Amino acid sequence: MKKLLSLTLVLILSSGFFTGCKKDKGTPPKLPPQESMTIDFSNFDGQKKSADMTSGLKGTENSNFEFAATVAIVWKLIIDINIAVPVASFKLAIDQTPVYLSKNNWQWSYNVPVANVTYKARLTGEIRASDIAWKMYITKDGTGGFTDFLWYEGTSKPDRSGGQWIIHESPQSPAAILQIDWTKTGTSTGTVKYTYVKTDTFKTGYIEYGLTTNPLNAYYTIHYYNGIKFSDVNVEWNTTTHDGRVKSIDYLLGGIWYCWDSNKVNMICP
């Protein structure tokens, strides 16, 4: 009987010991919002564009809108060419279930189809004292393949109110090419700023997109290389009515606002 009691006591104590030593995985970090890596070009995409930045000054009835669209789409092309895979991989992460790796470290693993090619994505998130560190590794099998290329990395605040991404150009040219700084304060406000950081002619160029509570509730602040020098363009518009205005001291006379109405026709600014 004593032996039975002793054995029972040992089992109880052992059970308590192992339960107490079980690792607490905690809660996985929250992914940054998808908007942290995207700029909305829908108001200007699909319009007729020209490589001639003065083409909007020929007196056509929608020249103000066309000029704004031309400058915006220059940046859209830069972004689309360089981060198609990073954006696609990040959009799919939200639908995945992360796996616990070690203390404060989690991993999301899944496939990403882009332009008839399937990539393997591996996103890691590390919970740190004041932020969350993210790293996205991409693998491509077959011809021209590569393994665990660190395509982008970044940090975000635990409450998802802001952060930064660093985008690397490609497996063949792994240097950083774009830096994304973002904020998010609600569904109607926030900012995303793309800065070109690769060491070449376009370095330091940027486009900032933001949502505000103003009547013209969306804006671009653009600093870009026009082939001769860097120029600045400001664009503001309403995302519902689509009227807006544009200003550029280098291309529009007087450096004042030039407006268009909801039909994208030139109008005198109120």
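This short report looks at salt bridges, one buried threonine and two unusual backbone angles in a predicted model.

Let's start with the charged pairs. The count of salt bridges comes to 9, and the table shows three examples, including the N to O distance for each.

| Lys or Arg | Asp or Glu | N to O distance |
|---|---|---|
| Lys76 | Asp45 | 3.6 Å |
| Arg128 | Asp131 | 2.9 Å |
| Lys198 | Glu169 | 2.9 Å |

Lys198 and Glu169 link distant parts of the chain: Lys198 sits in the loop between E8 and E9, while Glu169 sits in the loop between strand E6 (162–168) and strand E7 (176–184), 29 residues apart. Salt bridges that share partners also join Asp45, Lys76 and Asp80 into one network.

How do the partners differ in accessibility? Lys76 is buried at 17% relative accessible area, whereas Asp45 is partly exposed at 37%. Arg128 is partly exposed at 41%, and its partner Asp131 is buried at 17%. Lys198 is partly exposed at 23%.

Now for the threonine. Thr124 belongs to strand E3 and counts as buried because its relative accessible area, 15%, is under 20%. Leaving aside residues up to four places away in sequence, Thr124 touches Trp106, Gln107, Trp108, Ala133, Trp134, Lys135 and Tyr137.

Finally, look at two loops. Asn116 has a positive phi near 65° although it is not a glycine; this residue lies between strand E2 (105–114) and strand E3 (117–127) and is exposed at 86% relative accessibility. Thr204, also not a glycine, has a positive phi near 80°. Thr204 lies in the loop between strand E8 (190–196) and strand E9 (206–211), and is partly exposed at 43%.

Methods: Residues numbered from 1 in each chain as written. Predicted model: local features only at pLDDT ≥ 70, side-chain atom pairs only at ≥ 80, totals over all residues. Heavy atoms only, no water. Helix = DSSP H or I, 4+ residues; strand = E, 2+ residues; numbered from the N terminus. Buried < 20%, exposed > 50% of the residue type's maximum accessible area, 1.4 Å probe, protein only. Contact = heavy atoms within 4.5 Å. Salt bridge = Lys/Arg side-chain N within 4 Å of Asp/Glu carboxyl O.
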